[in-house]
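This briefing sets out selected features of the structure shown below. The topics are helix burial, a helix crossing, a threonine and the cysteines.

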Amino acid sequence: MADLNKVALFTNEYPPNVYGGAGVHVEYLSRELARLVPVEVRSFGDQVIDQPNLKVRGYGAWSEAKVNTDPRFGGALDAMYRSLAMAKDQLDADVVHCHTWYTDMAGFLAKKLWNVPLVVTIHSLEPLRPWKVEQLGNGYHLSSWIEKTGIEDADAIVAVSQETRNDVLRFFNVDPAKIHVIHNGIDLDQYRVQSASDALVKRGVDPSRPFVLFVGRITRQKGIIHLVNAIPEIDPSIQVVLCAGAPDTKEIGEEMETRVAEVSRNREGVIWVREMLPRDEVIQFYSHAAVFCCPSVYEPFGIINLEAMACETAVVASAVGGIPEVVVPEETGLLVDLKLKEGTFDPVDPAAFSHDLASAINRVALDPSLRERFGKAGRKRVEEHFSWTAIAERTLALYKSLVK
């Protein structure tokens, strides 16, 4: 395989602007790759990092994106603008690697302009997120086209789970040989049990009492409403801690407000932390939770489950997407079956799903020996299968296979 002089990563999210799993992925992948080869990151934002083997440059927003148009189009139009800026700037990398649809067009254009191979990582897929019409309006059709164009022209596609690979083959015209499954990873030194609990106490959580924890955005995808609807059936001795902010739309934000207020009237111990917490504080919450709940209706991988497992926390999660490739039922946690209406991400029986979530949470949280066993096994599984060092080495080998 050929040697590489440099690789370029194109991304929407990069620290400090990280709000989802894709941003976490790029942060750690770039750090580990930089130990092996020079890396240049082009991201949305105003970041500037100039280290010997890692250079990062942010690209600012397009001020005209929402002017004299439907403001919902702004996200997709802004992505087109920044993608053109990323692609046209002088590029001396041997390969371009794009993350999420936001930069797929940048990679597509860079491939044409600079004659370099294009790699696209699939963190999620637009055809499987139809609720984004609420957020983007018809801009959703533009984001879908951008994604399709980048994926079908890529020289290699990285799927973060086997189920994601299956989804790519279902929705896009690509050669199966181009799709490579490389899971997400975790920083094993950073994500580990912490004894400190000041972040919990500061936000009204009693560390001496068991609690179920949710961490994520308020989106249809993350299924948080189904967890909130499960609260009346969660044992009242269990606190419910929702670290949830950044609603996708005004509508889902209002729905969340209404439903949390309703369930809180009939039981104490529902704590909603609305701000985005610093990583060290999130690790405190993971470390002290009796159980972590991931009720997603769509989850290509679910890096948050890895974070919880690394902190020796038992997991209750929906059995969708790539989650069963991470969480081993009856070993590191429990999986809850979820049947969806055909062509949608609405549960066939939402009440049954919420009931099953509550039952699984109660079973784990109320059994200290079970949750300890799940927690220890979760940490062991993460250590054996999901280190970023191994993932970077596999990714670099893929790059080298593409370079003539």
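In this predicted model, the buried residues of helix α1 are Ala22, Gly23, Val24, His25, Val26, Glu27, Tyr28, Leu29, Ser30, Glu32 and Leu33. Because 11 of its 13 residues are buried, α1 is largely enclosed by the rest of the structure.

**Helix α1**

- Helix α1 comprises residues 21–33 and reaches 18 Å from its first C-alpha to its last.
- This span is close to the 18 Å expected at 1.5 Å a residue.
- Charged side chains are represented in the buried set, which includes Glu27 and Glu32.
- Leu29, one of the buried residues of α1, is touched by threonine 395.

**Threonine 395**

- Threonine 395 belongs to helix α14, which covers residues 388–402.
- With a relative accessible area of 4%, threonine 395 counts as buried, because the cut-off is under 20%.
- Leaving aside residues up to four places away in sequence, threonine 395 is in contact with Leu29, His97 and Ile182.

**Helix α10 and its surroundings**

- Helix α10 spans residues 279–288, and 7 of its 10 residues are buried, so this helix is largely enclosed by the rest of the structure.
- The buried positions in α10 are Glu281, Val282, Ile283, Gln284, Phe285, Tyr286 and Ser287.
- These buried residues pack against two helices, α7 (198–202) and α11, and against the strands β9 (211–217), β10 (239–245) and β12 (291–294).

**Crossing of α11 and α13**

- Helix α11 (residues 303–310), against which buried residues of α10 pack, also approaches helix α13 (residues 368–385), with the two axes coming within 7 Å.
- The axes of α11 and α13 cross at roughly 115°, and the crossing is left-handed.
- On the α11 side, the contact is made by Leu306, Met309 and Ala310, which meet Gly375, Gly378, Arg379, Arg381 and Val382 in α13.
- By class, the residues in this contact are 4 nonpolar, 2 polar and 2 charged.

**Cysteines**

- The structure holds 0 disulfides.
- Cysteine 243 is in no disulfide, and the nearest cysteine sulfur, that of cysteine 311, lies 13 Å away.
- A disulfide requires the two sulfur atoms to be within 2.5 Å, so the 13 Å separation does not qualify.
- Cysteine 243 has a relative accessible area of 10% and is therefore buried.
- Cysteine 98 is also buried, with a relative accessible area of 0%.

How values were computed:
Residues are numbered from 1 along each chain as its sequence is written. This is a predicted model: local features need pLDDT of at least 70, side-chain atom pairs count only at pLDDT 80 or more; totals for chains, interfaces and linings use all residues. Side-chain values use heavy atoms; hydrogens and water are left out. Axes are lines fitted to C-alpha atoms, for helices over the stretch in contact, and angles run from 0 to 180 degrees between N-to-C directions. Helices (H or I, at least four residues) and strands (E, at least two) are DSSP runs, numbered from the N terminus. A crossing is left-handed if the near helix is turned anticlockwise from the far one by less than a right angle, and right-handed if clockwise. Contact means heavy atoms within 4.5 Å. Buried means under 20% relative accessible area, exposed over 50%, partly exposed in between (1.4 Å probe, protein chains only). The expected span of a helix is 1.5 Å times one less than its number of residues.
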